[in-house]
Every structure is written in structure tokens, then in C-alpha cells.
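User: Could you take a close look at one part of this model for me, the metal site and what surrounds it? I would like a connected account rather than a list.

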Amino acid sequence: MKSYIDGWYCASPLDLSVLNKQSNAQILSVLLEAYPSGLTAHEIAEKTGLPLKTVYSQVGELYREYYVLDDKDIKKVNTRGRPRSHVTQRDESQRHRSALYIENANSLFDIYEGKKSTPLPPGNVSYPDEFTNAWHNVVAKKEEEEIGVVLLDFLEKTLRRMAESTDDKIRNWSPQTELAFCCPHCGLNHEARDFIRATLIHLIDHLERSNKFIEFLKENDFLSQDAYDRVLAKKQSKNVTPQVLEP
Ligand SMILES: [Zn+2]
């Protein structure tokens with residue numbers, strides 16, 4: 001599948017220790033490329049150039065931390081609608097023969113319902129509970145829904161324009177839309193999910209660079225006079241104008 005957000009996100013020191021190993025990052029990269037199909041340890045070794053022994057041990061670690069799943073987990077989900085409860089106790093030799101799949105389901109689509117610490121999908125972050133509680137206190141449901149309508153409309157337009165573009169370079173960034181591209185484990189199309197997240201985050205990137213936003217920062221004393229002058233000078237020299245989105 002296509003990758004819309006560069007790099008890996010570490011929500012915890014455990015994630016950091018897993019992703020800090022170059023071999024793990026390489027294995028996850030080739031599994032991401034293979035999505036929604038899986039790869040056997042042999043295929044991973046071939047694609048990464050890593051020794052098979054390294055692949056076996058690193059896949060073991062990625063499996064323990066729920067970064068990857070194997071054929072049996074997928075089958076279990078598809079036949080019983082529930083994952084096995086003791087995935088970590090799988091016989092190592094069985095897994096060496098099985099195909100491996102990348103997984104980073106979260107929230108609604110997490111079939112472990114938060115009981116296992118699966119890695120966060122690209123662009124997702126975790127927040128302190130106290131912050132989200134405070135957030136819910138000051139944000140009205142109705143306001144949230146109104147912004148949601150605008151964002152969904154924006155997403156629909158963006159998806160359609162990209163899919164219908166006559167320029168291959170643009171159209172190729174469209175996420176796959178076939179049902180067969182849905183994750184064999186959690187059922188959500190990971191490519192479409194990442195596209196949507198990247199599209200919405202990029203909207204915030206643009207907002208943060210817009211003149212109106214810079215003025216907003218200045219008016220609220222969130223920006224020093226020096227920094228404000230520097231930003232304005234930079235914008236003028238580069239002739240950067242904020243992107244205006246069609247209504
Ligand atoms: Zn999934």
C-alpha cells in the first residue's frame with residue numbers, strides 16, 4: 001500500500017525500543033508494501049536482504065508487541081469473529097511457515113478492544129486523559145458535528161478530485177477503493193484510513209501557515225514581536241500566500 005505519512009510514531013518507550021531497531025523498521029516497511037497481503041519470513045528476508053535468522057528473531061519481537069499478525073490470527077478472526085486470546089503463546093516454528101501481516105488498528109476497529117497495546121496508525125496520537133476530559137467540557141457536541149459536516153464534504157471532494165484527475169502523478173495518490181483492500185484482520189482499509197488522516201492533518205498544516213493564523217497567534221500574545229516580524233519577512237520574501245480552499 002501507499003504510505004501517506006513518513007516515519008513511525010512512538011506513543012511509548014516500548015514503541016521506541018521496537019522501532020529503534022533498523023531491522024524492525026525494514027520488516028515493517030516491506031509488510032506495509034505488501035498490504036493487504038502478507039509475507040512469509042523467507043519473503044521478508046529476500047525483500048529486506050536481512051539474514052533469515054534475524055528475520056525470525058525480529059518477527060518474534062514484532063509479534064509479541066502486536067505489530068504483526070500471522071495467518072492463524074487472520075483465520076481465527078474470519079471464522080469466529082474474535083482473535084485468539086493468547087496470541088503470544090503461538091509456537092514459534094508455526095509462525096516461521098506462516099505469512100505475516102502488518103496491523104495497526106485503533107479505537108473503533110481494534111478487535112482487541114484496547115486490551116492489547118497495538119501500535120498507533122500513522123498520524124494518530126495519544127493524549128493525557130485529563131486533557132481530553134477538559135476538551136469535552138468546552139467543546140459542544142453540536143459545534144463538533146458542524147465542523148464534521150464541513151470536513152466530510154472536504155474529504156469527499158478531495159477523494160473524488162484525486163480519483164478523477166487526468167494526471168497520473170495525482171491519481172496514483174488515490175487510495176484503493178476495492179473491498180478486497182480492507183485489512184484481513186480489522187476490516188478497515190488501512191490505505192484509505194491513512195489517506196484521510198494525512199489529508200486532514202495537512203489541512204491543519206496549511207491553517208498554521210496562513211496569514212490569518214499568524215495574526216491569531218499575534219493577537220493572543222502567542223507570538224513575540226520578533227518572531228512575528230521574522231515570519232512576515234519570510235512570507236514576503238518567499239511570496240508565500242496561504243492556500244485558499246474552494247468552499
Ligand atoms: Zn487492520
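Analyst: Happy to; here is the metal site, followed by its neighbourhood and then the rest of the chain.

This is a predicted model, so let us begin with how confident the predictor is. The mean pLDDT of the chain is 88, and 89% of the residues reach 70 or more. Among the elements, helix H8 (residues 141-164) has the highest mean pLDDT, 97, while helix H6 (residues 92-97) has the lowest, 68. Over residues 84-88 the pLDDT is below 50, and this stretch has 12 contacts in the model beyond near neighbours in sequence. Where pLDDT is low, the predicted coordinates should not be read in detail.

Now to the site itself. Which protein atoms are the donors of the zinc ion? They are two OE atoms of Glu 103, the SG atoms of Cys 183 and Cys 186, and NE2 of His 190, lying 2.2 to 2.3 Å from the zinc ion. In sequence the donor residues follow the spacing E-x79-C-x2-C-x3-H. Are the two cysteine donors buried or exposed? Cys 183 has a relative accessibility of 5%, so it counts as buried. Cys 186 is buried too, because its relative accessible area of 13% falls under the 20% cut-off.

Just before Cys 183 in the numbering comes Cys 182, which is not listed among the donors of the zinc ion. Cys 182 lies in the loop between helix H9 (168-171) and helix H10 (190-209). Its relative accessibility is 21%, so Cys 182 counts as partly exposed. Leaving aside residues up to four places away in sequence, Cys 182 touches Tyr 35, Pro 36, Gly 187, Leu 188 and Asn 189. Cys 182 and Pro 36 are 146 residues apart in sequence, yet their C-alpha atoms are 6.9 Å apart in space.

That contact leads to a notable piece of backbone. The peptide bond from Tyr 35 to Pro 36 is cis, with omega near 5°. Most peptide bonds are trans. Pro 36 sits in the loop between helix H2 (22-34) and helix H3 (41-48).

Tyr 35 appears again when we turn to Glu 191, a residue of helix H10. Glu 191 has a relative accessible area of 1%, so it is buried. Beyond residues up to four places away in sequence, Glu 191 touches Met 1, Lys 2, Tyr 4, Tyr 35, Ser 174, Pro 175, Gln 176 and Phe 181. Tyr 35 is thus a contact of Cys 182 and also of Glu 191.

A salt bridge joins Arg 193 and Asp 194, with the closest N and O atoms 3.0 Å apart. Both partners are buried: Arg 193 has a relative accessible area of 12%, and Asp 194 has 4%. The structure holds seven salt bridges, and one of the others pairs Arg 171 with Asp 168, whose closest N and O atoms are 2.5 Å apart. Arg 171 and Asp 168 both lie in helix H9, three residues apart, about one turn of the helix. Here both side chains count as partly exposed, Arg 171 at 30% relative accessibility and Asp 168 at 44%.

Stepping back, here is the chain that carries the site. It has 12 helices and two strands, arranged along the sequence as α-α-α-α-β-α-α-β-α-α-α-α-α-α. Of its 247 residues, 35% count as buried. Among contacts between residues at least 6 apart in sequence, 66% join residues at least 24 apart; the pair of Cys 182 and Pro 36, 146 residues apart, is one example from the neighbourhood described above.

Two more backbone details deserve a look. Tyr 66 has a positive phi of about 65°, and its place is in the loop between helix H4 (52-64) and strand E1 (68-70). Asp 221 also has a positive phi, near 60°, and is found in the loop between helix H11 (211-219) and helix H12 (225-238). Most residues other than glycine have a negative phi. Tyr 66 counts as buried at 14% relative accessibility, whereas Asp 221, at 68%, counts as exposed.

Finally, the surface: Tyr 9, Val 125, Tyr 127, Phe 131 and Trp 135 make a nonpolar patch of about 480 Å². Trp 135, a residue of helix H7 (residues 129-138), counts as partly exposed at 34% relative accessibility.

Methods. Residues numbered from 1 in each chain as written. Predicted model: local features only at pLDDT ≥ 70, side-chain atom pairs only at ≥ 80, totals over all residues. Heavy atoms only, no water. Donors = N, O, S within 2.8 Å, 3.2 Å for Na, K, Ca; no water. Buried < 20%, exposed > 50% of the residue type's maximum accessible area, 1.4 Å probe, protein only. Patch = residues over 30% accessible without salt bridge, like charges linked within 9 Å, V, L, I, M, F, W, Y side chains within 5 Å. Areas by Shrake-Rupley, 256 points an atom, 1.4 Å probe, with all protein chains shown as cover. Salt bridge = Lys/Arg side-chain N within 4 Å of Asp/Glu carboxyl O. Helix = DSSP H or I, 4+ residues; strand = E, 2+ residues; numbered from the N terminus. pLDDT = per-residue confidence, 0-100. Contact = heavy atoms within 4.5 Å.
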